[in-house]
Amino acid sequence: MQIWVDADACPKIIKDILFRAANRTKISLTLVSNQLLDIPASPFISKIKVPHGFDVADNHIVKHMQKGDLIITADIPLADAVINKEGVALNPRGELYSKSNIKQRLAIRDLSTHLRDSGVNTGGPNKISQKEIQAFANALDKFLVMGK
């Protein structure tokens, strides 16, 4: 099992939780981004810098992930691709995407995109809350315990 992170938009606090978890559990953690990242020195933590471009990091993750890998992402289409490839997708706010909820999330995303494209100000996501950080840490721990 490996953990992949769609790292460009992943909050620093979530990356810090993942760094500690990788070192504690000795599970491989790979951050994929199109910008330079600072990561701690660890045999369990690596980073991959991909070229700039639409969905380049997402495509890299999907191409290299294996069944059962955990992918950390807020990107709904990436989460859908991960689920279709029998991986596990966890949002940095602690929501586990699944076959039973991903199509609804895609529909809501598509509606929001349509509204924004029509000129409606839908606002962006709120700043990550302490409750969401704790929900993420709990979901990650639950996955790591089950995955071993």
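## Cores, pocket and helix α3

Leu18 touches Ile3, Val5, Leu29, Ile72, Phe136 and Leu140, leaving aside residues up to four places away in sequence. This is a predicted model.

Leu18 belongs to the largest nonpolar core, which has 25 residues. Ile3, Val5, Leu18, Leu29, Ile72 and Leu140 are the members that touch the most others. Five elements each supply at least two residues of this core: β1 (2-6), α1 (12-25), β2 (28-33), β4 (70-72) and α5 (130-147). In soluble globular proteins, nonpolar side chains tend to be buried together.

A second core stands separate from this one and has 16 residues. Trp4, Val50, Ile76 and Ile83 are among them.

Val50 deserves its own look. The residue sits in the loop between β3 (45-49) and α2. Is Val50 buried or exposed? Val50 counts as buried because its relative accessibility is 6%, and the cut-off for buried is under 20%. Its contacts, not counting residues up to four places away in sequence, are Val32, Ser33, Asn34, Val56, Ala57 and His60. Lys63 lies 13 residues from Val50 along the chain, and 13 Å separates their C-alpha atoms.

Helix α3 spans residues 76-84. Ile76, Leu78, Ala79, Asp80, Val82 and Ile83 are buried there. Of these, Ile76 and Ile83 are also in the second core. At the start of α3, a side-chain oxygen of Asp75 comes to within 2.7 Å of the backbone nitrogen of Leu78. Glu86 follows α3 and has a positive phi, near 65°.

Next, the largest pocket. Its space is about 950 Å³, and 33 residues line it. Which residues are the closest to its centre? They are Ala74, Asp75, Ile76, Asn91 and Pro125. Asp75 therefore appears twice here: beside the pocket centre, and in the contact with Leu78 at the start of α3.The lining breaks down by class as follows.

| Class | Residues in the lining of the largest pocket |
|---|---|
| Nonpolar | 13 residues |
| Polar | nine residues |
| Charged | 11 residues |

Helices α2 (56-64) and α4 (102-117) each supply at least two lining residues. The largest share, five residues, comes from α4.

Methods:
Residues numbered from 1 in each chain as written. Predicted model: local features only at pLDDT ≥ 70, side-chain atom pairs only at ≥ 80, totals over all residues. Heavy atoms only, no water. Buried < 20%, exposed > 50% of the residue type's maximum accessible area, 1.4 Å probe, protein only. Helix = DSSP H or I, 4+ residues; strand = E, 2+ residues; numbered from the N terminus. Polar contact = N/O pair within 3.5 Å; in protein donor to acceptor, adjacent residues only side chain to side chain. Core = buried A, V, L, I, M, F, W, Y, C linked by side-chain atoms within 4.5 Å. Contact = heavy atoms within 4.5 Å. 1 Å grid on protein atoms, 1.4 Å probe; cavity = no way out; pocket = protein on both sides within 12 Å on 5 of 7 lines; lining within 4 Å. Points joined across faces, edges and corners; volume = space filled by probe spheres on them. Nonpolar A, V, L, I, M, F, W, Y, C, P; charged D, E, K, R; others polar.
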